[in-house]
Amino acid sequence: MAVDAQQLSKPPRRTRFHWSWLLIALVVILVGLSYAWHWDDRGLLWLREQSASAEQRAASVWLPDYKVDIDGKSMVGLEKDEASDLSYDPVSKTLYSVMGKNAFLAELSLTGDVLRKIPLVGWSNPEGVMVLGNGLIAIVDERQHLMTMVTVTPDTKTLDIKDFPKYDLGPSVDQNKAFEGVTWDARNQQILLGEERPPALFSWKSDGSAILKGDKRKLVNDNLIMRNLSALYADQKTGHLLVLSAESHLLLELDEKGNKVSFIALVTGLNGLAHTIPRAEGVTMDENRTIYMVSEPNLFYSFKKK
């Protein structure tokens, strides 16, 4: 049977139809990713950062001015323990971190060396740690939904959960993605708590002792442009809050009203990072304005202002 040569020369219409739908699908995926990862919010915040005055920058932590100083140092002896959260002790000039996989409290030097390990007996999945002062440290167990106030001295060899006061943090929207972040806000005499997913902030009144006042209160905040919340740090100099997200590879600064101020993306090539921080789980700062971070499984970072 003869075939019309003109018909053979025509490109199949279904090919054009196929590529048009593929392009639409690609656009939909990109829009979805932009929404899920808050790329649009980050872009707007970046634009606002460019127009910030010198006075505004001086009144904040101003994260864009930070550059990595210690980049992903392996903490020897913690390879299988999954470092979670970090808190600075201004008295001992050391850092405390909790291990979520194998429950213990680790004391670290400011360069990420392990000084000692204190086993945590009775904890299931410690994910948050906060130094209040005078040896008082709060440890948040994500799985048990508990915050325990422990006392640590230079001679402490082990900690048993039954020996210390505990506070029930209550249920979470996702019971498996509960409270992870915790920080002491001395300026406002409160403990701030962060729920992992969906990201949310809570406050609990305290005078810095092991006795809390009233009940925890949810803070209204729609500015957490992140997929999850990993850790918190309340800066007493500026009154601002640093919020860390492992999944979004993001450190975000909020002012006292919860408004976004500045951010840094914890990815390859930015702020001096040689590689993307794999899973940033803890953040804190010392009196010299150095920012410290830990990432699972056992990586240590510090950032200094340029």
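Select Thr183 and Leu192 to begin: Leu192, in strand E12, is the bridge partner of Thr183. Helices (H or I, at least four residues) and strands (E, at least two) are DSSP runs, numbered from the N terminus. This is a predicted model, in which local features need pLDDT of at least 70 and side-chain atom pairs count only at pLDDT 80 or more, while totals for chains, interfaces and linings use all residues. Residues are numbered from 1 along each chain as its sequence is written, and side-chain values use heavy atoms, with hydrogens and water left out.

**The sheet around Thr183**

Now show all of E11 and E12 (residues 190-195), which pair in the antiparallel sense over 6 bridges. Two strands count as paired if DSSP finds at least two bridges between them. Strands of a sheet pair through backbone hydrogen bonds, either parallel or antiparallel.

Add E13 and E14 to see an open sheet of 4 strands in the order E11-E12-E13-E14, with antiparallel pairing. Strand E11 (179-185) and strand E14 (212-219) are at the edges with a single partner strand each, so one side of each has no neighbour in the sheet. From one strand to the next, the twist averages 20° (axes are lines fitted to C-alpha atoms, for helices over the stretch in contact, and angles run from 0 to 180 degrees between N-to-C directions).

Next, select Lys216 and Phe202. Lys216 lies over the face of Phe202, at 5.3 Å from the ring centre. The rule here is that NZ of Lys or CZ of Arg is within 6 Å of the ring centre and within 35 degrees of the ring normal.

**Aromatic pairs**

The structure holds 3 aromatic pairs. Rings of Phe, Tyr and Trp (its six-membered ring) pair if their centres lie within 6.5 Å; planes under 30 degrees apart count as stacked, over 60 as edge-to-face and the rest as tilted.

Select Tyr167 and Trp204. Their ring centres are 5.7 Å apart and their planes at 70°, so this pair is edge-to-face. The pair links distant parts of the chain, with Tyr167 in strand E10 (residues 166-168) and Trp204 in strand E13 (residues 200-206), 37 residues apart. Tyr167 is buried, with a relative accessible area of 15%, and Trp204 is buried too, at 6%. Buried means under 20% relative accessible area, exposed over 50%, partly exposed in between (1.4 Å probe, protein chains only).

Move to Tyr292 and Phe300, whose ring centres are 6.2 Å apart with planes at 40°, so the pair is tilted. Relative accessible area is 3% for Tyr292, which is buried, and 0% for Phe300, also buried.

**Leu95**

Both of those rings touch the next stop: contacts of Leu95, leaving aside neighbours within four places in sequence, include Tyr292, Phe300, Leu86 and Leu108. Contact means heavy atoms within 4.5 Å. Leu95 is in strand E3 (residues 94-99) and is buried, with a relative accessible area of 0%. Measure from C-alpha to C-alpha in the viewer: Leu95 and Leu108 are 4.9 Å apart in space and 13 residues apart in sequence.

**Strand E8**

Finally, select strand E8 (residues 146-151), where 5 of the 6 residues are buried. Strand E7 (residues 136-141) pairs with E8 in the antiparallel sense over 6 bridges, and Asp141 has Leu146 as its bridge partner. What has a positive phi in the turn of this hairpin? His145 does, at about 55°, and 4 residues lie between E7 and E8.

Add E10, which runs antiparallel to E8 and is joined to it by 3 bridges. Here Leu146 stands opposite Asp168.
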